[in-house]
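Hi,

Here is the structure I said I'd pass on. Have a look at it first, and then read on for what turned up when I went through it.

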Amino acid sequence: MNVSTILIILLIGAFATYFSGDKLASKVALLFSLAALGCSIVLLNNYSAGENISVINSWITQPKISFALNADGLGLAMVLLTAALTPIIIFSSFGNEYKNAKAFYGLILFMAFAMTGTFLAADGLLYYIFWELALIPIYFIALIWGNGDAEERRKAVVKFFIYTLAGSLFMLTAFIYLYTKADSFLIEDLYKLDLSACEQLWIFLAFFLAYAIKIPIIPFHTWQANVYQKAPTVGTMLLSGIMLKMGLYSVLRWQLPIAPLAAKEYMNIFIALGIAGVIYGSIVALRQKDLKKLLAYSSLAHVGLIAAGSYTLTLDGLRGAVMQMIAHGFVVVGLFFAAEVIFRRFETREIDALGGIRTQSPKFTSMFLILVLASVALPSTFNFVGEFTVLYSLSHVNIWFAILGGTTIILGAYYMLRMFQHVMLGETNSKTFADVSLNEGISFVVIIAVLLFFGFYPKPITDLITPSLENILQVINKN
């Protein structure tokens with residue numbers, strides 16, 4: 001068994017879900033997503049045992065394009081994140097009804113297929129194909145099944161599509177130029193190129209445009225809040241929990257090793273952009289009256305810190321960034337699901353219209369509080385491990401970077417706890433808030449269990465990702 005098995009399961013699952021019909025679509029999608037999760041765990045065990053689970057086959061002879069999938073610790077960590085979150089996202093949607101459910105759930109699995117391929121691809125053009133394929137299903141999910149006014153939703157989704165596609169074209173141009181130098185798209189051949197400082201700068205900037213839009217990093221973030229708000233909660237979970245990690249992962253896998261001179265020369269600028277996102281996202285989150293928009297800007301702040309850690313070019317920075325990617329994936333999915341649970345009962349996301357939920361649903365209140373505390377990096381949660389490691393790495397670059405980056409914890413605690421107070425506490429709401437269902441409770445418990453387990457014991461993930469990150473740093477520091 002090799003890593004292509006996961007892709008086959010997800011792709012077959014997407015088509016099987018579509019042809020299963022609307023009544024069975026959600027259950028078939030859940031079954032195939034769980035099969036992909038089981039396969040990823042088996043492959044992880046095989047990888048840990050020293051078995052070669054990577055794939056490389058010649059695909060197109062001219063130009064030389066290979067079907068190459070590389071399975072190292074970093075790639076497997078991101079595949080496991082995708083494989084774990086996909087069934088949680090699908091299962092959490094069981095409380096909603098969707099028109100043309102077979103297409104809806106089929107698109108979710110197809111998107112998981114494309115994102116998994118992005119994390120595994122070791123050929124530049126294959127990587128680009130998977131990267132673009134992931135954009136198609138989320139476009140339709142947000143456009144067709146989204147919230148609010150149809151015209152406003154269409155504008156937000158089209159803006160997101162054009163932004164992302166335009167940035168990707170710069171990345172494609174960079175890959176074409178690299179091919180003219182290496183006569184190959186294979187990642188190991190691109191790593192071996194001896195590019196001039198000027199060439200590396202342009203390659204670095206071309207990659208940066210694609211990744212900064214996807215993550216997003218300010219000032220390329222303008223699409224994010226509206227799309228997160230207008231997309232159905234499942235789409236928002238896919239975007240924030242997994243899809244934005246494609247950009248962060250790609251910074252480590254492609255941008256930094258291929259253009260290390262530019263990364264070193266302009267490191268402080270790109271760290272500063274990440275930290276600016278932390279401060280900006282936190283301040284704007286304070287002003288939000290819509291719960292989903294508040295969580296969107298909170299996510300912007302957290303991914304800004306992750307990006308800053310990635311650009312430190314230190315082992316602690318890269319390791320902390322990956323840990324925080326995974327932790328953020330789980331906590332942001334949990335928070336957006338909590339917002340959806342509230343909307344199912346109160347049919348509003350306006351924070352001022354909420355409140356008094358605690359007296360009606362203590363169980364939901366407790367689970368929501370744990371997610372809020374994890375989001376603000378309370379010690380003993382998974383997010384604390386990642387954020388502390390990133391801040392530690394920033395302090396070695398410049399102590400002011402660490403101080404300013406630390407505002408994500410201070411401001412985050414303020415706006416998240418204030419939001420919790422307005423949404424959950426106060427006098428009993430006139431509307432009835434039914435306690436969480438079994439499906440909802442299982443989704444919350446699984447997410448919380450992951451956040452607490454790896455908060456106390458992150459060693460399995462650090463052991464998995466560290467050798468890959470050390471190899472990346474060796475490539476960066478070869479000059």
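Helix α21 is the biggest contributor to the lining of the second largest pocket, giving five residues. Keep in mind throughout that this is a predicted model. Along with α21, the elements β1 (55-60), β2 (65-69) and α8 (187-191) each put at least two residues into that lining. The pocket has a volume of about 260 Å³, and 18 residues line it. Nearest its centre you'll find Asn70, Asp72, Ile187, Glu188 and Arg253. Sorted by class, the lining of this second largest pocket comes out as 11 nonpolar, four polar and three charged residues.

Now for the largest pocket, which has a volume of about 350 Å³. It is lined by 14 residues, with Leu44, Leu80, Leu81, Phe454 and Ile461 closest to the centre. What classes of residue make up the lining of the largest pocket? It has 14 nonpolar residues, with no polar and no charged ones. Helix α21 (459-476) turns up here too, as one of the elements that supply at least two residues each; the others are α2 (25-48), α3 (73-92), α15 (315-346) and α20 (438-456). Here α3 gives the most, with four residues.

On to the packing. The largest nonpolar core has 187 residues, and those touching the most other members are Tyr211, Met243, Phe330, Ile342, Phe364, Phe368 and Leu394. Helix α15 gives the most to this core, with 19 residues. Phe368 is a good one to click on: leaving out residues up to four places away in sequence, Phe368 touches Leu335, Ala338, Ile342, Met419, Phe420, Val423 and Met424. Phe368 and Phe420 also belong to a cluster linked by ring pairs, together with Phe337, Phe346, Phe364, Phe433 and Phe444.

The count of aromatic pairs comes to 37. One of them is Phe104 with Trp145, an edge-to-face pair at 5.1 Å centre to centre, with 65 degrees between the planes. This pair links distant parts of the chain, since Phe104 sits in helix α4 (residues 101-120) and Trp145 in helix α6 (residues 135-145), 41 residues apart. Are these two rings buried or exposed? Phe104 has a relative accessible area of 0%, so it is buried. Trp145 is at 11% relative accessibility and therefore counts as buried as well, the cut-off being under 20%.

Another edge-to-face pair is Phe175 with Trp254, at 5.3 Å centre to centre and with 90 degrees between the planes. Because Phe175 lies in helix α7 (residues 150-182) and Trp254 in helix α11, the pair ties together parts of the chain that are 79 residues apart in sequence. Both Phe175 and Trp254 are buried.

While you're on α11, take a look at Ser250, which is in that helix (residues 233-258). Ser250 has a relative accessible area of 0%, so this serine is buried. What does Ser250 contact, apart from its neighbours within four places in sequence? Its partners are Tyr127, Trp131, Tyr211 and Gln255. Tyr211 is also among the residues that touch the most other members of the largest nonpolar core.

That's the tour. Shout if you'd like to go through any of it together.

Cheers

Key
Residues numbered from 1 in each chain as written. Predicted model: local features only at pLDDT ≥ 70, side-chain atom pairs only at ≥ 80, totals over all residues. Heavy atoms only, no water. 1 Å grid on protein atoms, 1.4 Å probe; cavity = no way out; pocket = protein on both sides within 12 Å on 5 of 7 lines; lining within 4 Å. Points joined across faces, edges and corners; volume = space filled by probe spheres on them. Nonpolar A, V, L, I, M, F, W, Y, C, P; charged D, E, K, R; others polar. Buried < 20%, exposed > 50% of the residue type's maximum accessible area, 1.4 Å probe, protein only. Contact = heavy atoms within 4.5 Å. Core = buried A, V, L, I, M, F, W, Y, C linked by side-chain atoms within 4.5 Å. Phe/Tyr/Trp six-rings, centres within 6.5 Å; stacked < 30°, edge-to-face > 60°.
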